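Q: I am new to this structure and should like to learn how to read its features. May we take them one at a time?

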Amino acid sequence: MVEAFAVASGKGGTGKTTSTLALGMALADRYDVTVVDADTGMANLLFHTGLDDAAVTLHDLLIEGEGTAVDDAVYDRFGMKVVPCGTSLAAFREADPERLRDVVATLAADTDVLLLDSPAALGSKSAVLPVVLADRTVIVLQPTVPSLSDGLKVQEYARSYGTETAGTLFNRVRDDDGIDRVTDRADRYFGGETLGVIPESDAARAARQAGEPLLAHAPDDPASRAFREAANRLDVRDGASEAVADRFRSAVVPDEV
Ligand code: ADP
Ligand code: MG
């Protein structure tokens, strides 16, 4: 095990799932990568990976008494290990978010880089857990003042649990967004550098429609290239599997946010 990252943002729809899979595929050239859809209330990673019909998902692992083995929810896709989550509201209600600790600890023992596609809302127990468990966060932003301010709240919040910022990703950037001024500011306010500026891309939408990660669907698209550069900038750190697994198992889950 090397490192666990939470891919997080203040609000939904910023591109967390797109980014998780793009970073994952890019890092898979060098590392054994596992991506987990830890956004258990608004799961959509399954749609980005053609796993809409997956028989077993993270939800099954989070429901007490199901007795599902972690391995049964792991799918080899696009050079990564992918753990999708289901979209049933009933399963979400039944799921015990605290069980994510053991699932992540088990996965951590057998991979180099763990990417947790995290929920947006910082308001519930299940939403905070990935950020609490991760070593560091990658914060996905859009180039607007409200998005920066949301991202700073995520950072502040993550830091209160000892989770530092690995870097920021600006997604869906258009030519006229004055991005240099925005990234200059971001580099001052965030604990990690701007890893990438990802352009608004028709291919990203088409990839989602095709049920494939962007880097599989359109590897030469400018957005794919920008994600690969971002992955290269991410300085993955060494960590001992056992220490990480222990930390996950013993993590204190906050009752209130
Ligand atoms: P989240 O997981 O944060 O809710 P998604 O990754 O699912 O966000 O992205 C939300 C929507 O925006 C998806 O339809 C996705 O295809 C689209 N999208 C993501 N990144 C881009 C981009 N760079 N350009 C255009 N569309 C994008
Ligand atoms: Mg998502």
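Q: How many aromatic pairs does a search of the whole structure find?

A: Rings of Phe, Tyr and Trp (its six-membered ring) pair if their centres lie within 6.5 Å; planes under 30 degrees apart count as stacked, over 60 as edge-to-face and the rest as tilted. The search of the whole structure finds 1 aromatic pair. Tyr157 and Tyr161 form this edge-to-face pair, with 5.4 Å centre to centre and 65° between the planes. This is a predicted model, in which local features need pLDDT of at least 70 and side-chain atom pairs count only at pLDDT 80 or more, while totals for chains, interfaces and linings use all residues. Residues are numbered from 1 along each chain as its sequence is written, chains are lettered from A and ligands numbered from 1 in the order in which they are written, and side-chain values use heavy atoms, with hydrogens and water left out.

Q: Is Tyr157 buried or exposed?

A: Buried means under 20% relative accessible area, exposed over 50%, and partly exposed in between (1.4 Å probe, protein chains only). Tyr157 has 12% relative accessibility and therefore counts as buried. Tyr161, at 29%, is partly exposed.

Q: Why is strand E6 largely enclosed by the rest of the structure?

A: Helices (H or I, at least four residues) and strands (E, at least two) are DSSP runs, numbered from the N terminus. Strand E6 covers residues 136–141, and 6 of its 6 residues are buried, so the strand is largely enclosed.

Q: Which way do the side chains of E6 point?

A: In a regular strand the side chains alternate between the two faces of the sheet. Here Arg136, Val138 and Val140 point one way from E6, whereas Thr137, Ile139 and Leu141 point the other way.

Q: Which strands run parallel to E6?

A: Two strands pair if DSSP finds at least two bridges between them. Strand E1 (residues 3–8) pairs with E6 in the parallel sense over 4 bridges, and Val7 stands opposite Val138. Strand E7 (residues 164–173) is joined to E6 by 6 bridges, also in parallel; there Leu141 stands opposite Phe170.

Q: Which protein donors does the magnesium ion have?

A: Donors are N, O and S atoms within 2.8 Å of the metal (3.2 Å for Na, K and Ca); water is not among the atoms, so sites may look incomplete. For the magnesium ion (ligand 2), the protein donors are Thr17 (OG1) and Asn44 (OD1), at 2.1 to 2.5 Å. Thr17 lies in helix H1 (residues 16–27) and Asn44 in the loop between strand E2 (33–37) and helix H2 (45–48), 27 residues apart. Thr17 is buried at 6% relative accessibility, while Asn44 is partly exposed at 25%.
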